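Reader: Before we discuss empty space and ligand surroundings, please show me the model and explain the terms as they come up.

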Amino acid sequence: MDFDALFNAQLNQLKEDGNYRYFAELERDCGKFPKAASHGEDGVRDVTVWCSNDYLGMGQNPLVIDAMCEAVARTGTGAGGTRNISGTNHDHLLLERELADLHGKEAALLFTSGYVSNWAALSTLGSRLEGCIILSDAGNHASMIEGIRHSRAEKVIWKHNDVADLEAKLAACPANVPKIVAFESVYSMDGDVAPIREIVEVAEKYGAMTYLDEVHAVGMYGPRGGGVSERDGVADRITLIEGTLGKAYGVVGGYITGSAALCDFIRSFASGFIFTTALPPAVAAAARTSIAHLKESSVEREGQRRQVARLRAALDREGIPHMMNDSHIVPVLIKDPVKTRMLADYLMAEWDIYVQPINYPTVPKGTERLRFTPSPLHTDADIDHLVAALSTLWKQCAIAHAVA
Ligand code: PLP
């Protein structure tokens, strides 16, 4: 059988639909974030990255770099095994304590990524709690959807951020079965924020546990970076808070926090925790330093807020439409995959601006977009340059005007 022909048929379809993904080959330039070298067919050149999820530039923070280097020198590179078989290192436990403290919980459990933490935790909860029903926000991330699917538990989807719909669906569930309300705080593509307090109140009314993904909020919201649940003063009422170490904390890895029994339960039954090599201790040490720093320092959060507001105001002045939301994510809808790709290519080729076109399945078809994530390290000049580029494009490009 000609397997390559089978693969190519589907790849060609993606290309025809405009949904084929081309990756930019970047070389991050330590100490110069958001600048990076872009390796392309026409050689190497410096670009400004406008779509990074290293939201606060902590991936190049000198304290975090030093912590990682120190731990490599002290412990070596890899962990040497799964957490169960020789891989649990002192640095992992220090990090888990730091994370439990961040969210005000009894315990925390580390995973190799945020994706794996959602997948492992939801699939374990859904499969091992007999008769469990998982009520999932319609906008939830693929990692949550896959975890729920794998659990084979009954799934009920409620309308995105719609507390009345959640309540109607909870009321329709049998009273005596375990129920889990799964949702996110900041939704990464539209940048909208969940009404966490209202969701918690409804969940409590029906005796459901709450599962909150704070991946796009940890480090950035709340006085210590504990996320929107910390900012809103409801963290203590959430059963399980999940997060990543790979975005605002600038390293890699994922985690859950909750009661000691909950974390022990996932530790003891989750295949995605048990059967994989532990994170390198140096990664844990770097992440702990990043978290500890952002518990104390608000400079990065304030700088980010300032630059987000500045970008939004500049876009408004130029009449460039962007989705309004209460977060740090600035999406500009183009609504067509081919046009989105074209605009991104043009920004890269003519303006040395890298912004990845966002297409299906990351967002629904017809809502393709450019998604900008200003950081505290984008300068005012970077913002002016971006807005000048977009403004030129908007003026030149009949397509963009028609969409706007
Ligand atoms: N949860 C949400 C809402 C996400 O957007 C992502 C990744 O983008 C993840 C989880 C996965 O986190 P990680 O990148 O650490 O695997």
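Author: What follows takes up the largest cavity, then a pocket, then the ligand. The model is predicted, so local features need pLDDT of at least 70 and side-chain atom pairs count only at pLDDT 80 or more, while totals for chains, interfaces and linings use all residues. Residues are numbered from 1 along each chain as its sequence is written, and side-chain values use heavy atoms, with hydrogens and water left out.

Reader: What makes the space lined by R83, H92 and L110, among others, a cavity?

Author: On a 1 Å grid over the protein atoms alone, a cavity is a set of points where a 1.4 Å probe fits but cannot get out, whereas a pocket is an open set with protein on both sides within 12 Å along at least five of seven lines. The structure holds 1 cavity of 30 Å³ or more, and the largest cavity has a volume of about 80 Å³, a volume being the space filled by probe spheres set on the points, which are joined across faces, edges and corners. Its lining, meaning residues with an atom within 4 Å of a point, includes R83, H92, F111, G272 and L279. Two or more lining residues come from each of β4 (107-111) and α11 (271-274), where helices (H or I, at least four residues) and strands (E, at least two) are DSSP runs numbered from the N terminus.

Reader: Which element gives the most to the lining of the second largest pocket?

Author: That element is α14, with 5 residues. The second largest pocket has a volume of about 500 Å³, and of the 21 residues that line it, F23, A24, R341, D345 and M348 are the closest to its centre.

Reader: How do you know that D213 makes a polar contact with the ligand?

Author: A polar contact is a pair of N or O atoms within 3.5 Å; within protein, one must be able to donate a hydrogen and the other to accept it, and residues adjacent in sequence count only if both atoms are side-chain atoms. A polar side-chain atom of D213 lies 2.6 Å from a nitrogen atom of the ligand, so the pair meets the 3.5 Å cut-off. A ligand oxygen atom is 2.8 Å from an N or O atom in the side chain of K247, and a ligand oxygen atom is 2.8 Å from a polar backbone atom of Y115.

Reader: Which helix gives the largest share of the shell around the ligand?

Author: Helix α5 (residues 114-128) does, with 3 residues.
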